[in-house]
Structure formats: structure tokens, C-alpha cells
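Trainee: I would like to learn how to read charged pairs and cysteines in a model. Could we work through one case together?

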Amino acid sequence: MVWGVPGPGGVMRGCSRRAGRAARKRRQKCECPIQSVSLCHQPQYVRLMKFLHRRGFTSALLQPALFTDTGRGLQTLKTIKPGQLIVSLPASCLLTTSTVLSSYLGHYIKSWKHRLSPLLVLCVYLVSERHRGETSDWFPYVDVLPTSYTCPAYFTQTVLAVLPADVQRRALEQREALQELHSSSQDFFRSLQPVLSQPAEEVFTYDAFRCSHTHTHTHTHTCMHTQYVSDSFFPTRWAWCSVNTRSVFMSHPCNHFLSGQDVYALAPFLDLLNHQPDVQVKAGFSDVTGCYEIRSVSGTPRFQQAFINYGSHDNQRLLLEYGFVAPGNPHSVVYVDADLLCEVLKGDRSLNQKMKFLKENDFVQNLTVSSDGPSWRLMTALRLLSMPQTLYHQWRAVLLGQAVCEDGEEWSVLMAERLCQRLLRDTHAALDKISELLQQCDQSVREQLDVVHSLRQEETCLLGRCLEVLRGMMRRPEEEELLPCQPDVDAVS
């Protein structure tokens with residue numbers, strides 16, 4: 001995932017084992033003032049700033065700092081005014097595929113029998129530079145990157161199990177994509193042996209362990225019943241998460257050595273900026289100045305944390321892509337998947353036909369509820385589900401916005417309420433399980449559980465507000481029973 005603030009994504013976050021990034025825990029201690037400590041005198045940041053200075057970058061407005069609410073970030077040294085340029089990072093400071101192709105790896109990439117993806121090229125370069133240690137050209141940058149992340153690629157089986165169902169499904173898809181990238185690149189990894197001081201299979205590892213369950217893997221030990229190597233560093237996963245969570249959106253010209261769209265750029269220093277949903281910035285690469293620039297829209301007071309906006313993402317996506325959750329995120333929603341719909345409406349004799357119709361018309365995805373109530377898509381799907389099979393000829397009109405009868409509308413609101421209640425029960429059960437797990441796990445798993453706990457807590461509040469909205473919409477009878485306009489329904493649980 002890349003970000004082009006406020007375009008298609010965001011950077012970084014979701015890491016652990018590096019000061020200021022511990023699980024990207026946004027502790028909501030509203031009663032305590034936010035405090036910060038400068039990091040600019042720490043050796044690794046001194047090296048980073050010298051490295052960037054040699055490449056033409058200086059910053060008089062921002063400094064790296066550790067904040068009590070977000071961890072690592074950038075602090076303003078002066079008041080930033082609306083419209084003011086806050087970061088201008090020269091192209092020479094950006095790590096792109098052009099950087100890699102002009103490096104010691106360039107020959108191997110250009111001469112490889114297949115064209116490689118830009119993502120893989122950047123991952124390979126990060127692993128190679130980390131392998132080279134202090135002799136690496138980019139060591140000052142690699143040295144400040146997190147050593148692990150709280151993205152789902154790092155989650156243990158135990159942590160995956162307490163994710164919402166839709167997030168868990170997408171997390172597994174993400175893992176499969178990463179595993180495929182790694183396994184399909186083995187021959188290329190071996191071709192790089194001449195520039196490595198260890199066997200390629202030891203440098204470009206993925207995860208040297210086996211889980212007792214089949215659909216997950218992790219990077220460190222926990223008290224649960226899984227078996228794997230503890231505290232191991234797995235470079236391919238690390239590099240993939242580094243690129244996927246920290247890169248900025250920057251379109252590059254087509255290159256006949258690479259396959260697919262090339263839109264990645266790693267941006268040292270700039271990638272320390274944290275996300276805040278209500279912040280507005282303008283960002284992008286300027287062909288005029290030759291720099292990647294970020295300009296504030298609203299400004300920031302002196303000695304406060306400067307934020308950017310990765311895009312209008314809900315918390316589930318933020319967790320999946322970046323490994324953190326934004327408290328009070330106005331874009332947050334909870335997803336209602338098809339399995340839950342079928343379970344709640346299992347008494348409808350024509351349910352299979354209705355679900356098939358919804359799927360054929362692309363109405364089983366992105367069904368959501370928010371603090372403002374159920375989405376239009378969810379209510380439209382429920383309105384169709386409220387209709388008897390005898391009115392099949394009207395189903396398509398309902399998907400296009402035609403109203404249903406008053407009883408059908410009331411039934412739809414009732415079903416939306418039951419869906420919310422079911423989601424809320426599942427969320428409470430997950431929070432109870434997380435509390436139990438927190439009593440018996442190590443620090444790295446605790447960081448993973450903390451971020452999932454934050455997601456579940458946010459969703460508890462959202463679902464509670466949605467239920468209030470739904471109850472205000474209903475003509476509730478004394479007893480909750482199905483309204484009589486449902487001839488196809490025997491019972492709904």
C-alpha cells in the first residue's frame with residue numbers, strides 16, 4: 001500500500017521493537033496532557049539527518065520526537081501556518097526502483113529471465129542493504145526502520161482468531177500474497193549469491209517455523225500452543241511490510257526491466273509523520289522543485305505533533321494496511337458479511353435465491369454499519385430480503401432504490417438491529433478473549449493484541465451508536481416478532 005496524501009493510501013505505522021513505534025498504540029488518556037521527548041540527539045537520528053543533509057535535505061520546522069499518545073512522530077519547532085510547506089524532500093533522498101537499478105543489484109535485475117515487480121525489487125534491496133550492515137549506502141535509513149510490525153503478516157494464530165471475520169479473511173489473503181511473492185522468487189534470490197556474504201536462503205528467509213494450526217504464522221513465541229523459532233528476524237516479511245506500509249505514492253515512467261505499475265517511493269524522515277483522520281494536507285512530487293513536498297492546509301502550533309492524512313480509511317483498513325487504529329475515526333465502519341446475513345436470516349425459505357440475486361448484482365460486498373446507522377447498501381439488501389418470492393419481478397427495482405411497503409421497511413430496520421446486536425455480542429466475546437490472552441503472552445504478542453483490542457473497542461462504541469439510531473427508526477411492537485408481510489419466512493434467529 002502506498003500513500004499520496006490525501007490520495008490512495010498512507011504510510012508506515014504498525015510496528016514494534018523500535019522506540020516510539022511499539023504497536024502503534026494510540027493510548028486514549030484524554031485526562032493526561034500529551035508529552036513528548038526529542039529524539040534528534042540519539043545516534044541513529046543524528047546519522048539519518050547527516051545522511052539526508054549530504055543529499056540536500058534539511059529541516060528547520062520539524063524534529064523526530066517520541067509522543068505519549070502515538071509513539072514516534074515529528075514535532076514542530078515553529079508554528080506552521082496554513083498553506084505552509086512543512087517537508088520538501090529532494091529526489092536524491094527518495095529510495096525508488098531507480099535507486100535499485102543503478103545499484104550493485106541493477107545488473108542482476110536487468111539480466112533476470114523474467115521482469116520483476118517494483119515491490120519485489122524494493123524488498124530485495126532493503127533486505128540486501130540490511131544484510132550489508134554499516135557498509136550499506138542506505139544504512140542510516142535502514143537503521144531507523146522498525147524491526148517488526150503489527151500488521152497481520154506478523155500476527156500469531158491466536159491474534160488472528162480475535163479479529164473480526166472480514167478482517168481475518170482479508171488478512172489471510174494478504175498473507176497468501178506475501179507467501180506467493182516469496183516462494184516464486186527463490187530462483188532470483190539464489191542468483192544474487194555473488195553479492196551476499198551468506199547463503200541466499202539464509203538471507204532471504206520468510207518464516208522458519210511451523211504453527212500447530214494451518215492458516216497462520218508468527219515471528220516470536222507466545223504462551224499459546226504453537227511451535228516456531230522465537231525472536232527470529234525474517235527479512236522478506238520485514239521488507240514487504242516496510243515497503244507496503246511506509247512508501248509514498250509517486251508515479252514513475254515505464255521501465256522495460258520491471259513489470260506492473262511503479263508507484264512506490266520510500267521517503268526517509270518524511271515517513272515519520274503520523275496519520276490523523278481530520279488533518280488536511282497537500283502532498284506529491286513536484287517536477288518544478290524536484291522534491292516530494294507536503295504542505296499543511298490548516299497549520300500546526302509550535303511544539304505539537306505534525307500530522308498528515310493517509311486517506312479516508314476506516315479502522316479495519318488502517319489495521320490491515322498499516323497496523324494501527326485511529327481513535328474516533330469518522331470514516332470507521334463495521335462490515336456485515338454474507339455468512340452473517342445468512343445466519344441471521346436462515347428462516348427464510350427463499351434465502352438462497354435472494355442471496356444469489358444479490359451476488360449477481362454485486363450487493364453482498366461492502367455492506368456496513370457506522371455510528372450514523374446502517375449504510376444505504378445494507379438497507380437496500382435488507383429491503384430486497386424482506387420481499388416475498390412472489391414479487392421477484394420487483395427485486396431489481398428495489399436494488400435501484402424503489403421503496404418497499406411500510407411493513408417491509410420496518411422488517412428491514414429490525415433485521416439491521418439484529419445484525420448489530422450479533423456483531424456487538426461477537427465483539428464483546430472477542431474483547432473478553434483478548435483480556436484473557438493478555439494475561440499469558442509475551443511483549444511482542446501483547447503489542448499485536450493491543451492494536452486488535454483498540455479496533456474492537458472502537459467497534460463496540462460504533463455499534464452501540466448504530467443501535468441507538470436504529471431504535472429511533474423503529475415502530476417497535478411489544479414483542480419482537482416478524483412482521484406479517486414476510487410470507488417466505490418461518491423464523492429468524
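**Salt bridges and cysteines**

Mentor: Start with one pair: Glu-343 and Arg-422 form a salt bridge through their side chains, with an N to O distance of 2.7 Å. The two residues come from distant parts of the chain, 79 residues apart, with Glu-343 in helix α12 (residues 338–344) and Arg-422 in helix α16 (residues 406–438). Keep in mind that this is a predicted model.

Trainee: Is Glu-343 buried, exposed or partly exposed?

Mentor: Glu-343 has a relative accessibility of 36%, so it counts as partly exposed. The cut-offs behind that label are under 20% for buried and over 50% for exposed.

Trainee: Which residue does Asp-426 form a salt bridge with?

Mentor: Asp-426 pairs with Arg-422, and their closest N and O atoms are 3.3 Å apart. A salt bridge is counted when such a nitrogen lies within 4 Å of a carboxyl oxygen. Arg-422 is thus a partner of Glu-343 and of Asp-426.

Trainee: How far apart are Asp-426 and Arg-422 in helix α16?

Mentor: They are four residues apart in helix α16, so about one helical turn separates them. Asp-426 itself is partly exposed, at 34% relative accessible area.

Trainee: Where do Glu-436 and Lys-433 lie?

Mentor: Both are in helix α16, three residues apart, which is about one turn of the helix. Their side chains meet in a salt bridge, at 3.6 Å from N to O. Glu-436 is partly exposed, with a relative accessible area of 42%, and Lys-433 is partly exposed too, at 36% relative accessibility.

Trainee: Which residues are linked in a network of salt bridges?

Mentor: Asp-166, Arg-169, Arg-170 and Glu-173 are linked in this way.

Trainee: How many salt bridges does a search of the whole structure find?

Mentor: The search finds 13 salt bridges.

Trainee: Now the cysteines. How many disulfides does a search of the whole structure find?

Mentor: The count is zero. Take Cys-420, which is in no disulfide: the nearest cysteine sulfur belongs to Cys-466 and is 3.5 Å away. A disulfide requires two cysteine sulfur atoms within 2.5 Å, so a sulfur at that distance does not qualify.

Trainee: Is Cys-420 buried or exposed?

Mentor: Cys-420 is at 0% relative accessibility and therefore counts as buried. Cys-40, by contrast, is partly exposed, with a relative accessible area of 25%.

Notes:
Residues are numbered from 1 along each chain as its sequence is written. This is a predicted model: local features need pLDDT of at least 70, side-chain atom pairs count only at pLDDT 80 or more; totals for chains, interfaces and linings use all residues. Side-chain values use heavy atoms; hydrogens and water are left out. Buried means under 20% relative accessible area, exposed over 50%, partly exposed in between (1.4 Å probe, protein chains only).
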